[in-house]
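This report describes one protein chain, from its overall make-up down to single residues. Please look at the sequence and the model shown here before reading on.

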Amino acid sequence: MKKLILKISVYFVIVILPFLILNALYVNTNYWKTANELYDLKVYPDKITLLNLGNSHEDANLRYDKYYDGVAHNFATSSQPFYYDYSVLKHVEKSLAPGAVVIVPISYFDWYYNYEELFAVDTAAYNKRYYSMLRPSEMYNYNFEDRVKYGILPVLSEKKNLKYILNDINL
């Protein structure tokens, strides 16, 4: 029994531990944080008094720096349906100040896109930014394999981008 435990421990130290360290280094790069609009969804201030959700229109055009002195954040991402707006809002609710103002803009795409169908065509393209933050019950077409690849161990799916561990990008 001691030999088995020793072999498992050696295997863990030689194979698994370096892999987990490599994954941790990768998910802490600016490249990974900014890929798929993850940065704005995962890095946000506390005590937010004004925030917006929405899709790419709001993501590209709502900026509060010049016009609002309070703590504001833009949680909009491209092709983000109302259901994901709600899920993101639930995810960040502890960072909201009492009486915070939440803006949920409604655009043409929100009414006419069939998001379930859109997300079914290429689930990974749309869902991969959410796997690291939302629960399975809050996602369209949840796939455990994609959760592992994009949320838990992104180093598995980003082999060509591991170079950013050594040579990261600026935010």
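## Overall make-up

The chain holds nine helices and three strands. Both kinds of element are DSSP runs numbered from the N terminus: helices are H or I with at least four residues, and strands are E with at least two. Starting at the N terminus, the order of the elements is α-α-α-β-α-β-α-β-α-α-α-α.

This is a predicted model, in which local features need pLDDT of at least 70 and side-chain atom pairs count only at pLDDT 80 or more, while totals for chains, interfaces and linings use all residues. Residues are numbered from 1 along each chain as its sequence is written, and side-chain values use heavy atoms, with hydrogens and water left out.

The C-alpha trace spans about 65 × 40 × 30 Å along its principal axes. Of the 171 residues, 35% count as buried. Buried means under 20% relative accessible area, exposed means over 50%, and partly exposed lies in between (1.4 Å probe, protein chains only). Contacts, meaning heavy atoms within 4.5 Å, can also be sorted by sequence separation. Among contacts between residues at least 6 apart in sequence, 64% join residues at least 24 apart.

## The sheet

General background comes first: strands of a sheet pair through backbone hydrogen bonds, either parallel or antiparallel. Here three strands form an open sheet in the order β2-β1-β3, with parallel pairing. The edge strands, β2 (72-74) and β3 (96-103), each pair on one side only. From one strand to the next the twist averages 20 degrees; the axes behind such angles are lines fitted to C-alpha atoms, for helices over the stretch in contact, and angles run from 0 to 180 degrees between N-to-C directions.

Two strands count as paired if DSSP finds at least two bridges between them. β1 and β2 run parallel and are joined by three bridges. In this region, L51 stands opposite H73 in β2.

## Two residues with positive phi

Which residues other than glycine have a positive phi? K47 has a value of about 60 degrees, and N141 has one near 45 degrees. Both residues lie in loops, as the table shows.

| Residue | Phi | Loop | Relative accessibility |
|---|---|---|---|
| K47 | about 60 degrees | between α3 (38-42) and β1 (48-52) | 58%, exposed |
| N141 | near 45 degrees | between α8 (123-127) and α9 (144-152) | 38%, partly exposed |

K47 counts as exposed because its relative accessibility is 58%. N141, at 38%, is partly exposed.
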